[in-house]
Amino acid sequence: MYNPFDNLDINKESPIILGIESSCDETAAAVIRGREVLSDEIASSATIQALYGGVVPEIASRAHTDEIAKVVERAVQNAGITYQDIDAIAVTYGAGLLGALLVGVSFAKSLAYALNKPLIAVNHIRGHLAASYLTDKTLKPPFVTLLCSGGHTAILYAKNQTEFEILGATLDDAVGEAFDKVARVLGLKYPGGPNIENCAKEGVANVTLPKMFKGGGGYNFSYSGLKTAVINYCHTKEQKGEAYSKADVACSFQKAAIDVLVEKTMEAVKEKRVDTVTVGGGVGANTYLRESLKSACEKKRIKLVLPEKRFCTDNASMIAAEGLIQFQNGNFADMSLNAKASIPLTTTLNVPKKGGV
Ligand code: KG4
Ligand code: ZN
């Protein structure tokens with residue numbers, strides 16, 4: 001019978017958590033011991049997806065199905081542990097592509113059942129927010145977090161490890177989505193973000209683009225106007241038969257998209273009177289964002305916790321990191337866990353279990 005809760009010690013020092021992530025095009029597994037990453041494995045279908053110009057859900061699901069067992073096995077092997085050493089299995093249950101999520105959730109449930117280990121449901125976004133705890137092992141809330149991924153853009157106030165106040169969010173497109181769409185307009189390959197960043201290195205920010213809520217709109221963002229302005233600029237030039245520099249457009253777009261994130265994050269720091277800023281999500285891998293935030297924080301003597309680039313984009317260590325928080329709070333999922341394509345930004349499904357009080 002499945003009952004991993006009777007002898008569970010949630011106060012155990014440095015529990016070992018296996019994290020599994022399959023919400024989009026990366027099949028990932030990682031093992032952490034406390035906040036220390038023991039292994040971090042990833043198999044990406046991005047190269048195949050690039051042929052189609054974006055993520056094709058069925059291709060992602062098939063790639064996960066091919067890779068999941070191998071990736072998990074590698075994560076356990078490379079961590080130098082046995083399956084029995086694992087204290088809990090944490091898996092992304094949402095948000096994401098349903099078929100893709102189901103591969104990870106079904107695998108994690110089967111493994112938890114077979115090993116009689118506790119199962120933890122992880123909200124992908126909470127995983128992005130938890131990545132900073134791996135970078136700075138002494139990090140403690142309260143702090144302000146800039147969340148900037150392919151699906152979300154928001155500024156949050158982390159009251160403690162499990163409670164967040166959403167100070168503002170995008171009213172339309174996410175910043176990563178805008179990078180991907182602008183990349184397509186410029187004829188750059190998927191994934192758009194890193195390709196815009198590379199292209200921008202050769203350019204200067206000399207194209208006039210809308211200011212995007214700068215100095216207004218509270219902590220909210222809007223990226224659809226900026227995206228449309230870039231599209232209009234390129235189309236007008238093409239219709240007139242005038243040449244334009246893709247690098248200058250990429251550089252101008254990158255600056256417009258990122259300056260507003262940095263500016264509003266620093267306003268939130270001031271309002272909330274915190275001394276620490278963290279970053280989560282794929283756009284956090286952008287060098288211009290990293291440098292801008294670093295210099296803004298240095299100026300105000302604010303501590304900046306910037307996860308390594310590989311922990312900004314999708315990975316399983318961040319899922320394990322959020323799993324650790326849930327573990328230490330005694331919150332677990334059961335075998336009825338299902339994948340969910342969309343869930344509220346910071347919600348969690350886990351409930352307190354025996355040993356969890
Ligand atoms: O967090 P993430 O890996 O997946 C989601 O949960 O959405 O974010 C993916 C997004 C994509 O839109 C991608 O283009 C963007 O992050 N991204 C970047 C960079 N690396 C990834 N955007 C700008 N610069 C980058 N270097
Ligand atoms: Zn993500």
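Which backbone lies 3.4 Å from an oxygen atom of ligand 1 through an N or O atom? In this predicted model, the backbone in question is that of Gly151. The legends below begin with the ligand and then turn to the domains and the backbone.

**Figure 1. Backbone atoms of glycine residues beside ligand 1.** The view presents the predicted model around ligand 1, which is surrounded by 19 residues. Those that come nearest are His128, Gly150, Asp180, Glu197 and Gly282. For Gly282, a backbone N or O atom lies 2.9 Å from an oxygen atom of the ligand. The corresponding distance from a backbone N or O atom of Gly176 to a ligand oxygen atom is 3.0 Å, and that from Gly151 is 3.4 Å.

**Figure 2. The contact between domain 1 and domain 2.** The domain assignment places residues 16-130 and 315-328 in domain 1, while domain 2 covers residues 141-310. Taken over C-alpha atoms, the domain centres are 27 Å apart. Each side gives residues to the contact: 15 from domain 1 and 15 from domain 2. Between them the two domains bury about 1300 Å², with 61% of this area on carbon and sulfur atoms.

**Figure 3. The salt bridge between the domains, and the domain 1 side of the contact.** There is 1 salt bridge between domain 1 and domain 2. Asp40 and Arg310 form a salt bridge in which the closest N and O atoms are 3.6 Å apart. Also counted between the domains are 2 residue pairs in polar contact. On the side of domain 1 that touches domain 2, helix 1 (46-52) and helix 4 (124-135) are the elements that give two or more residues. Helix 4 provides the largest share, with 4 residues. By class, this side of domain 1 has 6 nonpolar, 5 polar and 4 charged residues.

**Figure 4. Two cis peptide bonds, at Pro142 and at Pro191.** Pro141 and Pro142 are joined by a cis peptide bond with an omega of about 5 degrees. Pro142 belongs to the loop that runs between helix 4 and strand 6 (143-148). The peptide bond leading from Tyr190 to Pro191 is likewise cis, and its omega is near -5 degrees. Pro191 is located in the loop between helix 5 (175-185) and helix 6 (192-200).

**Figure 5. A positive phi angle at Asn116.** Asn116 is a residue other than glycine, yet its phi has a positive value, near 55 degrees. The loop that holds Asn116 connects helix 3 (98-115) with strand 5 (119-123).

Notes:
Residues are numbered from 1 along each chain as its sequence is written. Chains are lettered from A and ligands numbered from 1 in the order in which they are written. This is a predicted model: local features need pLDDT of at least 70, side-chain atom pairs count only at pLDDT 80 or more; totals for chains, interfaces and linings use all residues. Side-chain values use heavy atoms; hydrogens and water are left out. Domain bounds come from an automatic or database domain assignment. Contact means heavy atoms within 4.5 Å. Buried area is the accessible area (1.4 Å probe) that two parts lose on being put together, summed over both. A salt bridge is a side-chain nitrogen of Lys or Arg within 4 Å of a carboxyl oxygen of Asp or Glu. A polar contact is a pair of N or O atoms within 3.5 Å; within protein, one must be able to donate a hydrogen and the other to accept it, and residues adjacent in sequence count only if both atoms are side-chain atoms. Ala, Val, Leu, Ile, Met, Phe, Trp, Tyr, Cys and Pro count as nonpolar, Asp, Glu, Lys and Arg as charged, and the others, Gly among them, as polar. A residue is near a molecule or strand if one of its heavy atoms lies within 4 Å of it.
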